Amino acid sequence: MTRRARSTARPAAARRPVLFRHIMVPVDLSDRNERALRTALDLARERGGRTTLFHVIERVPGIAPGELGTFYQRLVESSERRLRRTARKFAESGLDVRTEVRVGDPPAEIVRATLRERVDLVVMGSHKVRRGDRQRGWGTTSYKVGIFCQCPILLVK
Amino acid sequence: MAFKHVLVPTDLSEPGNHAVRYAVEEAALHQARVTLLHVLSPATRTDVYYVTGAPASGSHGFDPVAGGNLGVPSSVQPTVVRDDDSEAALTQLQDLMANARPGTSDVQVAVGHPADTIVRVALERNADLIVMSTHGRTGLQHVLLGSVAEKVVRLAPCAVLTVKYKRD
């Protein structure tokens with residue numbers, strides 16, 4: 001499920017070892033990821049690092065995975081296609097970009113992937129929580145990833 | 001979109017200072033300004049001690065045995081010793097920034113509740129990135145102790161980079 005977009009151009013900034021060589025952007029394939037993607041692209045360009053675009057398909061609870069095998073398979077394939085379209089911008093900038101799609105619980109899969117892939121930085125979108133509305137956002141993916149992820153996290157507003 | 005002004009709040013503990021390195025390196029890459037911030041609780045006090053040397057007997061002042069001119073003020077000026085939390089914090093902040101590029105960083109001590117004050121300073125200073133450590137507590141400990149970083153993440157007007165502190 002991992003694919004790598006090859007590019008002929010060398011990364012723009014492969015000069016010196018800097019922080020955050022491997023950046024992961026978890027995307028939910030909505031238009032809300034735009035800012036996080038743009039920030040990640042800028043950061044990766046500056047340091048010529050590797051980027052992984054990661055998408056998790058949430059498993060329907062209470063149904064054995066076997067029953068929905070082809071359903072998930074189709075979802076994975078269409079998500080892959082959309083992720084690769086998003087990844088094109090990175091590849092065009094001469095960056096090493098990968099896409100990965102998993103099925104499971106989004107926060108858990110993201111945290112697991114950061115460990116497996118030795119990710120140095122997770123870039124995620126986050127919404128500003130209004131002052132009178134602090135309860136909102138407690139169960140969000142970014143909140144859970146923030147607690148359990150061992151690597152630095154950049155939350156973009 | 002390069003970051004132009006990085007705000008780094010620290011509680012001056014070892015985990016708190018852990019993020020400073022990341023911030024300074026990130027800022028150097030972006031040619032950004034760095035502001036190091038420490039927030040003191042509103043209960044912070046300043047102790048001022050006036051230490052006065054005893055006047056030499058017989059010269060001025062009243063001596064109960066020898067007598068003398070009552071009411072003449074002592075010419076010895078008291079030494080003022082200040083024990084000020086905010087000054088101590090400023091010194092510590094300056095020490096932390098000792099090896100940042102000169103002219104690109106400053107330090108600030110503010111008074112208030114940590115998370116709210118960090119967000120306020122970020123707004124005032126137009127910071128576009130806040131870099132801060134999280135102590136890395138999970139589970140029940142996390143729920144009980146809460147986290148300033150978490151509150152900042154929720155309320156911040158700009159991007160927030162959280163760096164987990166690992167004791168190694």
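The following paragraphs describe a predicted model, starting with the overall make-up of chain A and then turning to selected elements of chains A and B.

Chain A contains 4 helices and 6 strands. Followed along the sequence, these elements appear in the pattern β-β-α-β-α-β-α-β-α-β. Of the 157 residues in chain A, 48% count as buried. Among its contacts with a separation of 6 or more, 79% link residues 24 or more positions apart. The area exposed by chain A is about 8500 Å², and carbon and sulfur atoms supply 50% of that area.

On the surface of chain A, V60(A), I63(A) and F71(A) make a nonpolar patch of about 210 Å². One of its members, V60(A), sits in the loop that runs between β3 (50-58) and α2 (69-92) of chain A. Its relative accessibility is 33%, so V60(A) counts as partly exposed.

Helix α4 of chain A, residues 141-148, includes T141(A). With a relative accessible area of 30%, T141(A) is likewise partly exposed. Leaving aside residues up to four places away in sequence, T141(A) touches P106(A), P107(A), I110(A) and M124(A). For a view across the chain, R50(A) offers a useful reference: T141(A) and R50(A) are 91 residues apart along the chain, and their C-alpha atoms are separated by 23 Å.

In chain B, strand β6 (residues 129-134) deserves a closer look. How many of the 6 residues of this strand are buried? The count is 6 of the 6, which means that β6 of chain B is largely enclosed by the rest of the structure. In a regular strand, side chains alternate between the two faces of the sheet. Here, L129(B), V131(B) and S133(B) point one way from β6(B), while I130(B), M132(B) and T134(B) point the other way, and both sets are buried.

The pairing of β6(B) can be followed through I130(B). Strand β1 of chain B, residues 5-9, pairs with β6(B) in the parallel sense over 2 bridges, and L7(B) is the residue opposite I130(B). Strand β7 of chain B, residues 159-164, also pairs with β6(B) in the parallel sense, in this case over 6 bridges. Within β7(B), V160(B) is the bridge partner of I130(B).

Burial also marks a helix of chain B. Helix α5 (residues 148-155) has 6 of its 8 residues buried, so this helix is largely enclosed by the rest of the structure. The buried residues in α5(B) are A149(B), E150(B), V152(B), V153(B), R154(B) and L155(B). Charged and nonpolar names thus share this list, including E150(B) and R154(B) alongside V152(B) and V153(B).

Finally, the cysteines may be considered. Over all chains, the structure holds 0 disulfides. Why is C149(A) without a bond to C151(A)? The sulfur of C151(A), the closest cysteine sulfur to that of C149(A), lies 3.6 Å away, which is too far for a bond, given that a disulfide requires sulfur atoms within 2.5 Å. C149(A) is buried, because its relative accessible area is 1%. C158(B) is in no disulfide either, and the nearest cysteine sulfur, that of C151(A), is 20 Å away. With a relative accessible area of 7%, C158(B) is buried as well.

How values were computed:
Residues are numbered from 1 along each chain as its sequence is written. Chains are lettered from A and ligands numbered from 1 in the order in which they are written. This is a predicted model: local features need pLDDT of at least 70, side-chain atom pairs count only at pLDDT 80 or more; totals for chains, interfaces and linings use all residues. Side-chain values use heavy atoms; hydrogens and water are left out. Buried means under 20% relative accessible area, exposed over 50%, partly exposed in between (1.4 Å probe, protein chains only). Two strands pair if DSSP finds at least two bridges between them. Patches are made of residues with over 30% relative accessible area and no salt bridge: like charges are joined within 9 Å, nonpolar side chains (Val, Leu, Ile, Met, Phe, Trp, Tyr) within 5 Å. Accessible areas come from the Shrake-Rupley method with a 1.4 Å probe; for residues, only the protein chains shown count as cover. A salt bridge is a side-chain nitrogen of Lys or Arg within 4 Å of a carboxyl oxygen of Asp or Glu. Contact means heavy atoms within 4.5 Å.
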